[in-house]
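Good morning, and thank you for coming. I would ask you to look at the sequence and the model on the screen while I speak.

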Amino acid sequence: MGSCNGETHSAVEGLEQPFRIFVGYDVSEDLAYEVCRHSILKRSSIPVEIIPIKQADLRKNGVYWRERGQLESTEFSFSRFLTPYLANYKGWAMFVDCDFLYLADIKELRDLIDNKYAIMCVHHDYAPKETTKMDGAVQTVYPRKNWSSMVLYNCGHPKNKVLTPEAVNTQTGAFLHRFQWLEDDEIGSIPFVWNFLEGHNKSVEGDLSTLPKAIHYTRGGPWFEAWKNCEFADLWLKEMEEYQKEAKKKSEE
């Protein structure tokens, strides 16, 4: 495994292994990554290790060599499926796109883990209304759309050994994004509030079970000029200001 630039944040140092969170990283969305990371660390009551999946590093280490296809809207469209490999096929780890904002303690999500599953994710039934997304990339529609945008991987599960660098570099988008290496009953379900699709999912007034715990700006977030007035933009911008203030303070120390 290559170097990961992982960073650890621990409430009680050394009492448990940090929960590993691999975040899809795109050079054009560095700020989104930093804000996502900040939102997780700030609210987490358990030790977590946050590892950006950077395509340039993976290529340098000979782990990723796939040519970028026209329908890949981000640098991590396929590299995300290296999560079990990067976690040495041990324990549980999470993958998440960088365009998420966490509003709840990651411990709540980790506590949903059930070892009988190979992976767990939100089972969205989602057909986007837009034909383009973010920076004009084509919006594709396919079964299990957005399921792979946040996944808890049981990295030690025998079925996930299929996800070798070779497979991730050569398998079809359908095979990977629709989890075709698994049977349906090996894919556990997580409440939609952990991958709350901005512009699609709705909170019901008075129903706390519909309040977002993690907002996914899947159409494009406030870091893009065209999406600066999207739903929940204010929450993201507030988090960004907080992150920038802390980063400035650190750089001055």
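Let us begin with Phe 179. In this predicted model, and setting aside neighbours within four places in sequence, Phe 179 is in contact with Phe 81, Ile 119, Cys 121, Arg 144, Trp 147, Ser 148, Val 151, Ala 174 and Ile 187. Phe 179 also belongs to the largest nonpolar core, which has 73 residues. Within that core, Phe 179 is one of five residues that touch the most other members, together with Ile 21, Met 94, Tyr 102 and Ile 106. The largest share of this core, 6 residues, is supplied by helix H1, residues 30-43.

One of the contacts of Phe 179 is Val 151, and I turn to that residue next. Val 151 is part of strand S9, which covers residues 150-154. Is Val 151 buried or exposed? Its relative accessibility is 0%, and therefore Val 151 counts as buried. Apart from neighbours within four places in sequence, Val 151 is in contact with Ala 93, Met 94, Phe 95, Ile 119, Met 120, Cys 121 and Phe 179. Please consider Met 94 in that list. In sequence, Val 151 and Met 94 are 57 residues apart, yet from C-alpha to C-alpha they are 5.6 Å apart in space.

Ile 53 offers another example. This residue is found in strand S3, residues 48-53. Ile 53 counts as buried because its relative accessibility is 2%, and buried means under 20%. Not counting residues up to four places away in sequence, Ile 53 touches ten residues' worth of names on your screen that I shall not read in full; among them are Phe 22, Val 23, Leu 58, Arg 80, Leu 86 and Phe 95. For Phe 22, the separation along the chain is 31 residues, and the C-alpha atoms of Ile 53 and Phe 22 are separated by 6.3 Å.

How do such pairs fit into the whole chain? Among contacts in the chain with a separation of 6 or more, 73% are between residues 24 or more positions apart. The chain has 253 residues, and buried residues make up 53% of them. Its secondary structure comes to 7 helices and 12 strands. The accessible surface of the chain is about 11,900 Å², and 50% of that surface belongs to carbon and sulfur atoms.

I should now like to draw attention to the backbone. Which residues have a positive phi although they are not glycines? Asn 88 is one, with a phi of about 60°, and Tyr 89 is another, with a phi of about 50°. Asn 88 sits in the loop between helix H3 (83-86) and strand S4 (92-96), and Tyr 89 lies in the loop between H3 and S4 as well. As for accessibility, Asn 88 is partly exposed, with a relative accessible area of 43%, whereas Tyr 89, at 18%, counts as buried.

Finally, I come to a pocket. The second largest pocket holds about 150 Å³ of space. Which residues line the second largest pocket? They are Gln 17, Pro 18, Phe 19, Arg 20, Glu 49, Trp 92 and Arg 110. Sorted by class, this lining has 3 nonpolar, 1 polar and 3 charged residues.

How values were computed. Residues are numbered from 1 along each chain as its sequence is written. This is a predicted model: local features need pLDDT of at least 70, side-chain atom pairs count only at pLDDT 80 or more; totals for chains, interfaces and linings use all residues. Side-chain values use heavy atoms; hydrogens and water are left out. Helices (H or I, at least four residues) and strands (E, at least two) are DSSP runs, numbered from the N terminus. Buried means under 20% relative accessible area, exposed over 50%, partly exposed in between (1.4 Å probe, protein chains only). Contact means heavy atoms within 4.5 Å. On a 1 Å grid over the protein atoms alone, a cavity is a set of points where a 1.4 Å probe fits but cannot get out, and a pocket is an open set with protein on both sides within 12 Å along at least five of seven lines; lining residues have an atom within 4 Å of a point. Grid points are joined across faces, edges and corners, and a volume is the space filled by probe spheres set on the points. Ala, Val, Leu, Ile, Met, Phe, Trp, Tyr, Cys and Pro count as nonpolar, Asp, Glu, Lys and Arg as charged, and the others, Gly among them, as polar. A nonpolar core is a set of buried Ala, Val, Leu, Ile, Met, Phe, Trp, Tyr and Cys residues joined through side-chain atoms within 4.5 Å. Accessible areas come from the Shrake-Rupley method with a 1.4 Å probe; for residues, only the protein chains shown count as cover.
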